[in-house]
Amino acid sequence: MPSCGSTVFVLALFCLFTVYSRPTGVHLRNMESFIRAVQQVEDSNPGLSPLALVRALRRTAGHDDVMTIHFLGASYNLSDSEVLEKAILNATSFSFFDKAIHHIVTDHGEERGVILAPDGTTVALAPLLLGIESGLKAKMEGTQAVGIFALTLGRPLGLSFLSLQDIPPSLRLGPNGCWDSVEHPKVFKLSHPATLATDAIINGGMDGIILGMHLSSSPAPKQPGALSEILKGYYSFTLHERQGLDAVTTHVSPKRREISRSLLESLDLQSQVMETLALVWKLEKTEWIAQDSGVGKAVKDGLLVFVQKYWDCPQIIPRCQWGAKAYKSPAIPLSLPLQFLYVHHTYEPSSPCLSFPKCSRDMRAMQRFHQEDRGWNDIGYSFVVGSDGYIYEGRGWNLLGKHTRGHNGVGYGVSVIGNYTATLPSRYAMDLLRHQLVRCAVNGGGLAANFTIQGHRQVVNYTTCPGDAFFSEIRGWEHFKE
């Protein structure tokens, strides 16, 4: 039998169907499975360029709409030298890729075309791949990545703002959701009715911009690596035990909010979204929509929400994602805004958690200890900070916690996983708490603007929490009071 390295059209079809008939677990909707499927195509077709492959994936998902063609060209305009790409398109149109990439939200709130990333966040593949394709095309042509914002974020944001003008701006973006299983993810259900810019769409758009702009701006002689390697570098990584994200100098997914902000904040986003909408209407011959006098205000109001929700606020991993058990009894609501933020360390677990699986296990262990050993209603903390780049939801913004005896009703209790008696958390983890979480709390009405930060030990006599080293650090923070 001839090898799967052959580029003959019929043989390529045979090879690809053979690859996808193997029990490789690609039906799980996670990034590892997607990368593995991409790598199988690459391995069976040596010399296949990442640009040819990502175009083939676009064709598979049926994403040749007029605006995408305007910026990237039609995926089916194949030359004689691209026969292999045609084979990939035909083969995978009946395979995993079609279901993995094509984005849709069902009437029952299931979001498809999204996958679970190793960091615990959910990413829509369509905007991610459009951003990568835009960057690869610009790299190969020696030009700038024209249209990358419009294709990845501008279009979904603009259309979402306009489609929901009759509801409050805060509800025109999102929502997030949860998987049926983080170990074997197959179904992703949204927590609220969908907009045209769900959290997964926005995550995918940010990632597409980051990777696309990085690919297009890499040094001229350097050729882009395989698509699977591009994805692995961004989503699959190992953090240093003590330094965590402090030691990471490359682009990785937990930093998507700060990196995308650094790339886009200097732009006039209002103009960018308005120009994107104008192009959509022109290409679709619906310019009459531009006559709506409320368009500009809808975009302006929506962008304010986008900046606050996705740039000012940190990504918070919801309870259902880390596997929280239900409250033992009805929760008590807080009266907002609160005046205090109490800083803790967990002490046990004593080591920083550096990955979504490890942080999730730590969260479940603490909830089990608080509920079963101490007899509490739930995990005591309002929020918990991991060293993986994320904050984990405990009792959240609106519900009374059990973290600082005698003061639970007047402040949030936020703990950093680890024992910080002699050492400090990573700088990145501390900044998540010190800057991003408190800014999000104040802007969202959870904390008063003149709030006070205190260590647990300042208001409860019998504890040294949050550890000597960490307490010495927070004494220099804004809003700290002796």
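These exercises walk through a predicted model of a protein, each with a worked solution.

**Exercise 1. Overall make-up**

Find how many helices and strands the protein has, and what share of its residues is buried.

Solution.
Step 1. Count the elements: there are 18 helices and 12 strands.
Step 2. Turn to burial. Of the 482 residues in the protein, 55% are buried.
Step 3. Look at contacts between residues at least 6 apart in sequence. Among these, 73% join residues at least 24 apart.

**Exercise 2. The open sheet**

Work out the strand order of the open sheet of 6 strands, and say which strands stand at the edges.

Solution.
Step 1. Read the order across the sheet: 7-10-9-11-8-12. The pairing is mixed.
Step 2. Take the two ends of that order. Strand 7 (316-317) and strand 12 (447-455) stand at the edges.
Step 3. Each of these two has a single partner strand, so one side of each lacks a neighbour in the sheet.
Step 4. Check a parallel pair. Strand 8 (residues 338-345) and strand 11 run parallel and are joined by 6 bridges.
Step 5. Check another. Strand 9 (residues 383-385) also runs parallel to strand 11, with 3 bridges between them.
Step 6. Now find an antiparallel pair. Strand 9 and strand 10 (residues 391-393) run antiparallel, joined by 3 bridges. Here valine 385 stands opposite isoleucine 391 of strand 10.

**Exercise 3. Strand 11**

Decide whether strand 11 is enclosed by the rest of the structure or not, and name its bridge partners for phenylalanine 340 and phenylalanine 383.

Solution.
Step 1. Count buried residues. In strand 11 (residues 411-416), 6 of the 6 residues are buried.
Step 2. Draw the conclusion: with 6 of 6 buried, the strand is largely enclosed by the rest of the structure.
Step 3. Split the strand by direction. Gly411, Gly413 and Ser415 point one way, while Tyr412, Val414 and Val416 point the other way. Both sets are buried.
Step 4. Match the partners. Phenylalanine 340 has glycine 411 as its bridge partner in strand 11. For phenylalanine 383, the partner in strand 11 is valine 414.

**Exercise 4. Aromatic pairs**

Classify two aromatic pairs by their geometry: phenylalanine 340 with tyrosine 342, and phenylalanine 471 with phenylalanine 480.

Solution.
Step 1. Recall what is needed: a pair of rings is described by the distance of the centres and the angle of the planes.
Step 2. Note the total. The structure holds 12 aromatic pairs.
Step 3. For phenylalanine 340 and tyrosine 342, the centres are 5.7 Å apart and the planes lie at 5 degrees, so this pair is stacked. The cut-off for stacked is under 30 degrees.
Step 4. Add burial, where buried means under 20%. Phenylalanine 340 has a relative accessible area of 24% and is therefore partly exposed. Tyrosine 342, at 0%, is buried.
Step 5. For phenylalanine 471 and phenylalanine 480, the centres are 5.9 Å apart and the planes 70 degrees apart, which makes the pair edge-to-face.
Step 6. Phenylalanine 471 is buried at 8% relative accessibility. Phenylalanine 480 is buried too, at 13%.
Step 7. Finish with a cluster: Phe306, Tyr310 and Trp311 form one.

**Exercise 5. The largest pocket**

Describe the volume and lining of the largest pocket.

Solution.
Step 1. State the volume: about 1,200 Å³.
Step 2. Locate the centre. Among the 40 lining residues, His192, Asp199, Lys309, Ile316 and Trp397 are the closest to it.
Step 3. List the elements that give two or more residues: strand 5 (177-179), helix 13 (295-312) and helix 16 (427-443). Helix 13 gives the most, with 4 residues.
Step 4. Sort the lining by type: 21 nonpolar, 14 polar and 5 charged.

**Exercise 6. Far in sequence, together in space**

Find which residues arginine 405 and lysine 481 contact beyond their neighbours within four places in sequence.

Solution.
Step 1. Place arginine 405: the loop between strand 10 and strand 11. Its relative accessible area is 61%, so arginine 405 is exposed.
Step 2. Its contacts are Val460 and Tyr462. Valine 460 is 55 residues away in sequence, yet 6.8 Å away C-alpha to C-alpha.
Step 3. Place lysine 481: the segment after helix 18 (468-474). Lysine 481 is partly exposed, at 49%.
Step 4. Its contacts are Thr452, Ile453, Gln454 and Gln458. Glutamine 454 is 27 residues away in sequence and 6.4 Å away C-alpha to C-alpha.

Notes
Residues are numbered from 1 along each chain as its sequence is written. This is a predicted model: local features need pLDDT of at least 70, side-chain atom pairs count only at pLDDT 80 or more; totals for chains, interfaces and linings use all residues. Side-chain values use heavy atoms; hydrogens and water are left out. Rings of Phe, Tyr and Trp (its six-membered ring) pair if their centres lie within 6.5 Å; planes under 30 degrees apart count as stacked, over 60 as edge-to-face and the rest as tilted. Buried means under 20% relative accessible area, exposed over 50%, partly exposed in between (1.4 Å probe, protein chains only). Two strands pair if DSSP finds at least two bridges between them. On a 1 Å grid over the protein atoms alone, a cavity is a set of points where a 1.4 Å probe fits but cannot get out, and a pocket is an open set with protein on both sides within 12 Å along at least five of seven lines; lining residues have an atom within 4 Å of a point. Grid points are joined across faces, edges and corners, and a volume is the space filled by probe spheres set on the points. Ala, Val, Leu, Ile, Met, Phe, Trp, Tyr, Cys and Pro count as nonpolar, Asp, Glu, Lys and Arg as charged, and the others, Gly among them, as polar. Contact means heavy atoms within 4.5 Å.
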